[in-house]
Amino acid sequence: MMRPMSKSSAEIADLLFADACVATCAGEGDPLARLDVRARCSVATAGDRVVYVGPREGAPTARRTFELAGASILPGLVDPHTHLVFAGNRVDELSRRMRGEDYRAIAAEGGGIASTVRATREASDDALFELTAARARALRAFGVTACEAKSGYGLSLEHELRSLRVLRRVDEAGLLRVSATFLGAHAIPPERRDDRARYVDEVVEEVLPAVAEEGLADAVDVYCDDGAFTLAEARRVLTAGKAHGLAVRAHAGQFADLGAVELVAELAGLSADHLEVVSDAGVAAMAAAGVVAVLLPGAWRTLRQEAPRAERFREAGVAMAIGTDLNPGTSPTADLPLMAALAVRDAGMTIEESLLGITTAAARAAGFGGGAGTLRVGGPADLAVFATPDPRSLAYGLGGARASLVLLGGRIVVEAAEPLIW
Ligand code: NIG
Ligand code: FE
């Protein structure tokens, strides 16, 4: 006897997000075409994959349907630059800075990054994990499903490994997809202040091999700047990291242009970050090597610096991403949509560019492949729903754009009732 026709389980989706305004970020061409905003569009997922994007009429039957007329869907947002693992806070330091003291002067006398290093080393393993996990959840509340995250507040073999293990744990616990970066060259630790050459040797000869051996990092970073590491030191660290198979990125041109951008380009790195000060030659080198410019509005705002001009990167053909730079010294924020809004106001990015800057371009900068930062059939079931009829509202409202639903690998990890007011 013939059994009645029924859809096989493969044809039945798990979740259907119906009739929303969807920005797939998977188009081609100019930023508007790439953003690819589709009215009354539906997205279906099965397991950890997107299985359908299109009009509701063609959508598969799903076990659960969300009626989303009047809401927007974006791919899960990607934060391409965070310092997620640290303990302590530096509100006293901000208070001093707002009264006129200089960031680099405070750092030079043992405050700044070094004070966070002390607090981070003192925290127990559990406390450090819980603080990091809480920040991962804070990012997620704003629609972020993947982030780049750095060590750099441990600054010793033991504590750098510990920070990177915390990041692996956040990723493995399914809190957030984490691309981990080894930033042993963030500052000279207090115990090596009188022997910086020895510290750079340790980073290159001891810590980096141990990090690589344990498979704890995807990339290597260095803070190459006035008051931080020199270009020669940066070259040693990044070249060694690359030899260990790590992707390359750098904090470059936050205060002074030491040539780090050209170095990242020479090493075919993923991104150069900050870029408040960068030469035309540096921008051209980035364009030639396909290095993404990661702009960090939280840092330039807190340091009261002039923002980089987006038009320089746009005209040269350099892709632009935007990060929170979540850190206790210069950017204590998890609000990635606010960063997009500030990049539009301060740096002159278009709204479309800014949304690509926290999705596809950010995924590229962070080294996530496989369709991360886009909504497309076969790509990861990572998406964020916002209670606004227009996805561009993320960069229109000045902060506070919390997602009403976040899907990470097909699992609902945020479900909130709060509507946006725009
Ligand atoms: O990205 N520039 C260097 N690192 C951080 C700040 C670190 C800190 O002050 O704790 C940044 O701005
Ligand atoms: Fe940073």
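**Exercise 1.** Which ligand 1 atom does a polar side-chain atom of His 186 lie 2.9 Å from?

*Solution.* First, the ground rules: this is a predicted model, with local features needing pLDDT of at least 70 and side-chain atom pairs pLDDT 80 or more, while totals for chains, interfaces and linings use all residues. Residues count from 1 along each chain as written, chains are lettered from A and ligands numbered from 1 in written order, and side-chain values use heavy atoms, without hydrogens or water.

Now list the polar contacts (N or O pairs within 3.5 Å).
- His 186 pairs with a nitrogen atom of ligand 1, at 2.9 Å.
- Tyr 223 has a side-chain N or O atom 3.4 Å from a ligand 1 nitrogen.
- Asp 325 puts a side-chain N or O atom 2.8 Å from a ligand 1 oxygen.

Then check the cover: ligand 1 alone exposes 330 Å², and the protein buries 100% of that (Shrake-Rupley, 1.4 Å probe).

**Exercise 2.** Work out which residues coordinate the iron ion (ligand 2) and how they sit in sequence.

*Solution.* Start with the donors (N, O or S within 2.8 Å of the metal; 3.2 Å for Na, K and Ca). They are His 81, His 83 and His 251, each through NE2, plus Asp 325 through OD, at 2.0 to 2.4 Å. Next, read off the spacing: H-x1-H-x167-H-x73-D. Finally, His 83 sits in the β6–α2 loop and Asp 325 in the β13–α13 loop, so this pair ties together parts 242 residues apart in sequence.

Conventions
A polar contact is a pair of N or O atoms within 3.5 Å; within protein, one must be able to donate a hydrogen and the other to accept it, and residues adjacent in sequence count only if both atoms are side-chain atoms. Helices (H or I, at least four residues) and strands (E, at least two) are DSSP runs, numbered from the N terminus.
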